[in-house]
Amino acid sequence: MNIEIPVERFAGIRTPFYYYDTNILRQTLDAINTEVKKHDNYFVHYAVKANANLKVLKIINEAGLGIDCVSGGEIEQVLKAGFSASKIVFAGVGKSDWEIELGLEKDIFCFNVESVPELENINDIAAKKGKVAPVCFRINPNVGAHTHANITTGLAENKFGIDMQDMERVIRLAQEMKNIRFKGLHFHIGSQILEMDDFIALAHRINDLQAQLEAVGIQFEIINVGGGLGIDYVDPLGNPIPNFKDYFSVYDKHLKLRPGQTVHFELGRAVVGQCGALITKVLYVKENAIKRFAIVDAGMTDLIRPALYDAHHHIINLTSTSPRAGQPSPNGQLPTVNSQLQYDVVGPICESSDVFDKDIPLPETHRGDLLAMLSAGAYGEIMASAYNCRRLPEGYTSEELK
Ligand code: LLP
């Protein structure tokens with residue numbers, strides 16, 4: 001099944017906006033559950049940082065997933081969507097006091113702790129509240145991921161986690177604290193990872209660390225391997241559902257568990273990436289001697305990934321399908337590709353990085369055409385900003401536009 005974009009239902013909706021195909025979302029969730037149900041000790045916590053749209057969250061909650069939060073705001077949002085606090089893992093290198101208080105008050109499943117000062121602070125706050133905080137330590141496994149440098153997190157040079165050589169000392173410290181309960185280890189090596197070897201390397205690193213800790217008498221229940229499974233941005237129509245089978249079987253094959261241990265996953269992009277598209281209207285088409293530009297009403301404020309990570313989002317024209325086969329461009333100079341015209345799709349923001357894609361083939365495109373930028377369900381709507389005093393894009397699901 002492919003993403004379906006019913007352009008006939010978009011009349012009267014202000015562009016740009018995000019459109020979510022709930023069939024794709026539900027199918028993705030089914031594919032995850034099919035794999036996870038093979039193991040009674042696997043738990044997926046959806047990484048809400050990828051998309052916190054309430055309508056999307058409710059569907060994810062209905063599918064029974066847990067949730068991974070990185071801020072108090074996210075905790076509030078997922079509770080609003082109906083998630084149980086007992087399924088929340090709370091990560092982040094800089095948790096504020098009010099966020100820790102909120103996590104404790106709601107009795108979340110686990111805090112993923114990234115430093116000793118943070119651990120001490122959680123212990124103090126928990127003591128004041130008469131609570132015991134369940135804690136996993138985020139360990140920096142120094143495992144590289146073959147992905148964009150801005151979204152690699154598991155290397156020693158990154159700010160995340162506790163160094164492996166400090167792990168034992170920090171766990172001992174936690175075990176002596178009255179208001180902390182040490183539960184396990186947490187990892188996350190990066191995002192948009194398509195090479196299963198990276199996850200295999202992580203599993204092997206976890207095995208080594210577990211053996212080291214066991215040798216000094218330290219045992220634990222939780223292994224949280226983070227998220228990071230990538231999606232196909234190049235061919236989203238041909239490949240709308242990520243390869244969850246291969247992903248989960250990496251851990252099945254390579255991660256050595258002790259009796260009673262549970263494995264936790266924090267998938268974000270792979271859950272919501274392919275169900276979303278940014279719909280934008282072409283404002284103007286202009287040409288100069290070397291380029292043809294489609295200037296659209298969405299900007300980097302609505303979808304920042306191309307500007308920030310050089311990300312590619314496949315763009316299709318929803319309203320014009322007619323190629324101008326064999327005809328020269330209006331000024332007779334610009335090339336055609338597979339009898340389509342070649343465009344730079346750019347936004348209205350006064351920044352040269354406000355470019356969605358360059359030299360891409362599209363059917364002849366006119367003012368008023370609607371374009372869809374695919375694979376925009378993850379880190380799209382949620383990363384929108386109001387720079388230039390622009391309005392934030394709305395998000396609609398296929399169900400509400402019926
Ligand atoms: N767990 C932790 C600790 C994380 O830091 C992240 C993502 C995830 C889970 C979820 O990763 P995923 O399964 O979505 O790859 N804005 C960037 C991605 C930043 C990812 C940050 N951390 C982008 O648009 O590509």
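Colleague: How do the residues of the lining of the second largest pocket divide into nonpolar, polar and charged?

Modeller: There are 7 nonpolar, 7 polar and 3 charged residues in that lining. Keep in mind that this is a predicted model. Glycine goes with the polar group in this scheme, so a polar count here can include it.

Colleague: What makes it a pocket and not a cavity?

Modeller: A pocket is an open set of points, while in a cavity the probe fits but cannot get out. The space in the second largest pocket comes to about 270 Å³. Its lining has 17 residues, and the closest to the centre are Tyr42, Phe43, Val44, Gly64 and Gly66.

Colleague: Which element gives the most to the lining of the second largest pocket?

Modeller: That's S2, with 4 residues. Helix H1 (22–36) and strand S2 (42–47) each bring at least two residues to the lining.

Colleague: On to the enclosed space. How many cavities of 30 Å³ or more does a search of the whole structure find?

Modeller: Just 1. The largest cavity has a volume of about 40 Å³, so it passes the 30 Å³ cut-off. Lining the largest cavity are Ile3, Ile24, Pro236, Pro240, Gln274, Gly276, Leu374 and Ser375. By class, that lining has 5 nonpolar residues, 3 polar and no charged.

Colleague: Why do you say that the largest cavity lies between domain 1 and domain 2?

Modeller: Because domain 1 (22–273) and domain 2 (274–397) both give residues to its lining.

Colleague: And why is the ligand said to lie between the domains?

Modeller: The reasoning runs along similar lines: domain 1 (22–273) and domain 2 (274–397) both give residues to the shell around the ligand, so the ligand lies between them. The ligand is surrounded by 19 residues, with Ser191, Glu266, Arg305, Tyr309 and Tyr379 the closest. That shell divides into 6 nonpolar, 7 polar and 6 charged residues.

Colleague: What makes the pair between a nitrogen atom of the ligand and the side chain of Glu266 a polar contact?

Modeller: The ligand nitrogen is 2.7 Å from an N or O atom in the side chain of Glu266. The cut-off is 3.5 Å, so that pair counts. Two backbone pairs also make the cut: a polar backbone atom of Gly268 lies 2.9 Å from an oxygen atom of the ligand, and a backbone N or O atom of Arg269 is 2.8 Å from a ligand oxygen.

Colleague: How much of the ligand does the protein bury?

Modeller: The protein buries 91% of the 590 Å² that the ligand exposes when taken alone.

Notes. Residues are numbered from 1 along each chain as its sequence is written. This is a predicted model: local features need pLDDT of at least 70, side-chain atom pairs count only at pLDDT 80 or more; totals for chains, interfaces and linings use all residues. Side-chain values use heavy atoms; hydrogens and water are left out. A residue is near a molecule or strand if one of its heavy atoms lies within 4 Å of it. A polar contact is a pair of N or O atoms within 3.5 Å; within protein, one must be able to donate a hydrogen and the other to accept it, and residues adjacent in sequence count only if both atoms are side-chain atoms. Accessible areas come from the Shrake-Rupley method with a 1.4 Å probe; for residues, only the protein chains shown count as cover. Domain bounds come from an automatic or database domain assignment. On a 1 Å grid over the protein atoms alone, a cavity is a set of points where a 1.4 Å probe fits but cannot get out, and a pocket is an open set with protein on both sides within 12 Å along at least five of seven lines; lining residues have an atom within 4 Å of a point. Grid points are joined across faces, edges and corners, and a volume is the space filled by probe spheres set on the points.
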